[in-house]
Amino acid sequence: MNIVFLDGKCLICNGIIKFIYRIDRKKRIKFCHLQDEKALNYLEQDFVKNLSTVVFYQDGKISTKSDAAINIMVTLGHTYFKLFRFIPRFIRDGIYQFIAKNRYVIGEELDVCPIPEAGLAERFL
């Protein structure tokens, strides 16, 4: 099973979920907010407490930050994203962390995790 875990109160993160949902026509990926207690069924507490990173759970393996983003896109069939692995991880993750740190400045922090539309809701755990 492939699951993307993101901060449910982050407007940008919810936009990413909607983007993945739109391009994932084969329904390869499910979603879960890190704030959802179901996340603890798949992730250790340390991952769930850290809302500033995307976590990709793929058949029991976990990737985070830029590796998670690359793995998500490759899972969706965009294999050319593997080329980003040639960029050293500390550079990729540095860019990722800058965006994650400023995500509530770039987007807004929502008061609660939004209820997804009907088709998207069935893809949540």
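**Exercise 1. Find how strands β1 and β3 pair, and through how many bridges.**

*Solution.* Four bridges join β1 to strand β3 (residues 55-58), and the two run antiparallel. Strands here are DSSP runs of E with at least two residues, helices are runs of H or I with at least four, and both are numbered from the N terminus. Two strands count as paired if DSSP finds at least two bridges between them. Now walk along the pairs: in β3, Asn-2 has Gln-58 as its bridge partner, Ile-3 stands opposite Tyr-57, and Val-4 is partnered by Phe-56.

Before going on, a word about the model. It is predicted, so local features need pLDDT of at least 70 and side-chain atom pairs count only at pLDDT 80 or more, while totals for chains, interfaces and linings use all residues. Residues are numbered from 1 along each chain as its sequence is written, and side-chain values use heavy atoms, with hydrogens and water left out.

**Exercise 2. Work out which strand pairs with β1 in the parallel sense, and how the chain gets there.**

*Solution.* Start with the pairing: β1 and strand β2 (residues 29-33) are parallel, with five bridges between them. Val-4 has Phe-31 as its bridge partner in β2. Next, follow the chain: it leaves β1, passes through helix α1 (residues 11-23) and arrives at β2, a β-α-β crossover that is right-handed. To check the hand yourself, point the strands away from you; right-handed means that the path from the first strand over the helix to the second runs clockwise.

**Exercise 3. Decide whether strand β1 is buried or exposed.**

*Solution.* First, the cut-offs: buried means under 20% relative accessible area, exposed over 50%, and partly exposed in between (1.4 Å probe, protein chains only). In a regular strand, side chains alternate between the two faces of the sheet. On one side of β1 sit Asn-2, Val-4 and Leu-6, on the other Ile-3 and Phe-5, and all are buried. With five of its five residues (2-6) buried, β1 is therefore largely enclosed by the rest of the structure.

**Exercise 4. Put the four strands of the sheet in order and find its edges.**

*Solution.* One more pairing is needed: β3 and strand β4 (residues 61-64) are antiparallel and joined by four bridges. Gln-58 has Lys-61 as its bridge partner in β4. These two strands make a hairpin with two residues between them, and Asp-59 in the turn has a positive phi of about 50°. Putting it together, the four strands form an open sheet in the order β2-β1-β3-β4, with mixed pairing. β2 and β4 are at the edges with a single partner strand each, so one side of each has no neighbour in the sheet. From one strand to the next, the twist averages 20°. Helix α3 (residues 65-75) packs on this sheet and touches β1, β2, β3 and β4, its direction making about 115° with that of β4. Contact means heavy atoms within 4.5 Å; axes are lines fitted to C-alpha atoms, for helices over the stretch in contact, and angles run from 0 to 180 degrees between N-to-C directions.

**Exercise 5. Describe the surroundings of Thr-75 and of Leu-125.**

*Solution.* Thr-75 lies in helix α3. It is buried, at 14% relative accessible area. Beyond its neighbours within four places in sequence, Thr-75 is in contact with Asn-2, Arg-28, Ile-29, Phe-56 and Gln-58.

Turn to Leu-125, in the segment after α6 (118-121). Its relative accessibility is 24%, so Leu-125 counts as partly exposed. With neighbours within four places left aside, its contacts include Met-1, Ile-3, Phe-31 and Tyr-42. Leu-125 and Ala-39 are 86 residues apart along the chain, yet their C-alpha atoms are separated by 8.7 Å.

**Exercise 6. Place Arg-89 in the structure.**

*Solution.* Arg-89 is in helix α4 (residues 89-101). Its relative accessible area is 38%, so Arg-89 is partly exposed. Not counting residues up to four places away in sequence, Arg-89 touches Thr-64, Ser-66, Asp-67 and Gly-94. Lastly, Arg-89 and Lys-65 are 24 residues apart in sequence and 9.6 Å apart in space, C-alpha to C-alpha.
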